[in-house]
Amino acid sequence: MLLQLFLKLAQNISVIVTISFLLSKTRVFKKAMKLKNNLWEKLLLISVFSAIGIMGTYTGVSIKGALANSRVVGIVVGALIGGPVVGIGAGIIAGLHRYLIGGFTAVACGLATVAEACAAAWYSRKRSSKDFSWKFGLIIGVLTETLQMLIILAIARPFSAAWDLVSAIGLPMIVMNSVGIAIFVVIARNSLEEEERAGALQAQKALEIAKITLPILSKGLDEDTAKQVAQIIFDRVEVEAVALTNKEVILAHVGNGCAHHLVGTPIMTEATKEALNAGEMKLALDKEQIGCPNKDCTLRSAVIVPLFSRGEVSGSLKLYQDRERGIGSVEIQLAQGLAGLFSTQLELAVLEEQAKLVSKAELKALQAQINPHFLFNALNTIVALVRTDGEKARKLLIQLGEFFRKNIQRGDKFVTLRQELEHIRAYLSIEQARFGDSLSVVENIQSEAEDWQLPALTLQPLVENAIKHGIYPKIEGGTVDISCWVKDNALQVVISDDGVGIEAERLEEIYQKKGTSSQGMGLGLSNVNDRLKYLYGSGLLIESEQGKGTRILFSIPS
């Protein structure tokens with residue numbers, strides 16, 4: 001009799017295990033594993049697990065006026081997986097059903113079912129995914145079934161009948177139902193791990209795509225970049241079509257439907273409009289929600305995820321499938337991951353463009369600072385030379401014209417060190433005419449360094465600063481030294497003077513770019529420093545001591 005009871009319960013458990021395996025493949029079950037179900041999904045889970053409990057009752061074996069059953073499996077698993085609401089809800093329904101069947105254990109078994117659900121629900125509030133092991137399921141099964149036997153002994157009457165029943169069914173039910181719960185928990189754990197593996201795979205795929213698309217999206221999102229990005233996604237993801245839009249029109253559509261989902265046409269999908277307006281992911285589950293007017297369109301479902309730039313919706317990414325409700329968790333996770341990475345890339349593109357504009361504006365400010373100030377002093381010098389040394393005045397006018405020609409032409413281009421030095425020499429010819437013997441300039445230029453590329457107007461403002469703020473205030477004049485050489489695959493530049501030096505507070509203002517615009521002092525240094533930091537990540541190193549001079553160092557990598 002005992003062996004037959006074990007075998008019957010094992011048969012019942014096998015049916016429940018089969019159901020649990022099928023259930024573990026559903027989206028609702030996987031969400032339950034993460035305790036992320038909404039109200040309607042919880043009600044559905046209550047119905048499912050209470051049905052499993054009721055089935056366990058109906059398939060039970062009649063013995064000594066009661067039933068040896070597997071009801072507890074559905075109830076306990078419902079609590080462990082779905083949480084307290086699901087577990088207790090299923091326990092109340094299955095317990096009430098058992099009570100209505102009747103028998104001398106009706107009250108005891110009904111209460112025991114609810115008690116088992118409550119015990120499992122209490123523990124479910126503290127569980128984590130790491131808890132889901134066969135040992136964990138076995139222990140919970142033994143504890144809850146032992147609890148049921150104790151309640152039967154405490155409530156069912158006569159006690160002798162209750163004792164005979166527990167003696168007959170206690171061991172088989174505790175063992176087999178605990179095994180059933182353990183198997184169910186293992187299936188649930190495998191389902192969770194499968195979901196995590198799929199998520200990790202999609203994250204890896206999203207990062208791979210993002211790496212490839214980074215240089216493309218750095219240019220911003222337009223028809224050309226959108227087409228390239230959509231093609232890259234389509235080649236690497238198992239979907240029927242990929243589309244990218246801005247807030248009004250389709251920028252790219254690759255895959256099925258590309259013949260009529262045309263670039264430049266207004267957005268047709270209602271779900272896309274909702275995603276753009278709400279800034280939230282939307283699903284189109286059938287052809288009607290896709291909203292394509294072409295009757296031959298094979299696209300039947302889609303996930304639409306908004307793209308953001310500077311905190312506002314700037315467009316959308318869409319992944320399509322050719323069957324209704326064909327968008328699963330894999331496509332959703334991938335679309336969300338890609339949209340997040342693309343939004344970051346687009347944000348960086350905007351910031352980079354702004355930085356470029358700032359850099360250009362600062363260069364223009366630097367040129368504007370040089371032109372009027374230098375022109376005024378140069379013309380005064382030439383006027384003074386016209387009567388005393390006409391030939392020298394003529395040469396200075398040629399040098400002045402050459403200086404301004406190069407200053408205007410180069411803009412924000414890169415030049416060779418040789419070209420930058422020619423620009424500086426044109427400038428120095430004017431300044432040395434003004435200062436005479438009180439200004440000396442020494443060049444130490446390595447031949448290998450002359451072809452090195454550097455941003456235009458990098459050295460000239462530093463030389464001008466050395467003369468204007470270092471040598472000029474010094475009564476006896478001084479020397480400016482320009483040294484350039486190549487070391488460790490980088491151009492090393494040092495511009496030094498033996499002038500009056502810079503105060504520590506003033507030096508800090510130059511680094512912080514404070515107070516430089518009002519007097520013009522340090523504006524050239526600050527702008528060059530900012531441009532170098534933007535382009536190469538490091539700027540100027542300024543060493544200065546009052547009364548002894550200033551030394552400015554920087555390097556430009558290849």
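Start with the open sheet of five strands, whose order is β4-β3-β7-β6-β5 and whose pairing is antiparallel. The model on screen is predicted. Colour the two edge strands, β4 (250-255) and β5 (282-284), each of which pairs on one side only. Averaged over the sheet and with direction ignored, neighbouring strands are turned by 15° against each other.

**The β5 side**

Select β5 together with β6 (residues 301-309). The two strands run antiparallel and are joined by three bridges. Pick Leu283 and look across to β6, where Val303 is its bridge partner. Next, add helix α9 (residues 223-236), which packs on the sheet and touches β3 (241-245), β4 and β7 (312-321). The direction of α9 makes about 25° with that of β4.

**Strand β3 and its two neighbours**

Now select β3. How many of its residues are buried? Five of its five residues are, and the strand is mostly covered. Show the side chains: Ala241, Ala243 and Thr245 point one way from β3, while Val242 and Leu244 point the other way. All of these residues are buried.

Add β4, which runs antiparallel to β3 and is joined to it by five bridges. β3 and β4 form a hairpin, with four residues between them. Then add β7, also joined to β3 by five bridges in an antiparallel arrangement. Centre on Val242 to see both pairings: its bridge partner in β4 is Val254, and in β7 it stands opposite Leu319.

**Ala339 in helix α12**

From the sheet, move to Ala339, a residue of helix α12 (residues 329-386). Its relative accessibility is 3%, so Ala339 counts as buried. Display everything around it, leaving out residues up to four places away in sequence: Ala339 touches Val305, Pro306, Leu307 and Leu317. Val305 and its two successors belong to the range of β6, residues 301-309, and Leu317 falls in β7 (312-321). For a distance check, select Met281: its C-alpha is 9.9 Å from that of Ala339, and the two residues are 58 apart in sequence.

**Helices α1, α3 and α5**

Go to the N-terminal helices and select α1 (residues 2-23) and α3 (residues 39-58). They pack at an angle of about 165°, with their axes 11 Å apart. The two helices are therefore roughly antiparallel to each other. Their crossing is right-handed. Show the side chains in between: Val15, Ile16, Ile19 and Leu23 in α1 meet Val48, Phe49, Ile52 and Met55 in α3. By class, this contact has eight nonpolar, no polar and no charged residues.

Keep α3 and add helix α5 (residues 84-101). Here the packing angle is about 35° and the axes are 8 Å apart. The crossing of α3 and α5 is right-handed. On the α3 side the contact includes Lys42, Leu45, Phe49 and Tyr58, and on the α5 side Val85, Gly89, Ile93 and Arg98 are among the residues involved. By class, the contact of α3 with α5 has eleven nonpolar, four polar and two charged residues. Phe49 takes part in the contact with α1 and in the contact with α5.

**Backbone stops**

Select Arg157 and Pro158. What is the peptide bond between them? It is cis, with omega near 10°. Pro158 sits in the loop between α7 (134-155) and α8 (159-217).

Continue to Leu457, in the loop between β10 (453-455) and α15 (459-471). Leu457 is not a glycine, yet its phi is positive, about 60°. Is the residue buried or exposed? With a relative accessible area of 1%, Leu457 is buried.

Then select Asn489, which is placed in the loop between β11 (478-487) and β12 (490-497). Asn489 also has a positive phi of about 60° although it is not a glycine. At 52% relative accessibility, Asn489 counts as exposed.

**Last stop: Thr416**

Finish at Thr416, in strand β8 (residues 414-416). Thr416 has a relative accessibility of 14% and so counts as buried. Which residues does Thr416 touch, not counting those up to four places away in sequence? They are Glu450, Asp451, Trp452, Gln453 and Leu454.

Note on methods:
Residues are numbered from 1 along each chain as its sequence is written. This is a predicted model: local features need pLDDT of at least 70, side-chain atom pairs count only at pLDDT 80 or more; totals for chains, interfaces and linings use all residues. Side-chain values use heavy atoms; hydrogens and water are left out. Axes are lines fitted to C-alpha atoms, for helices over the stretch in contact, and angles run from 0 to 180 degrees between N-to-C directions. Angles under 35 degrees count as roughly parallel, over 145 as roughly antiparallel, 65 to 115 as roughly perpendicular and the rest as oblique. A crossing is left-handed if the near helix is turned anticlockwise from the far one by less than a right angle, and right-handed if clockwise. Contact means heavy atoms within 4.5 Å. Ala, Val, Leu, Ile, Met, Phe, Trp, Tyr, Cys and Pro count as nonpolar, Asp, Glu, Lys and Arg as charged, and the others, Gly among them, as polar. Two strands pair if DSSP finds at least two bridges between them. Buried means under 20% relative accessible area, exposed over 50%, partly exposed in between (1.4 Å probe, protein chains only).
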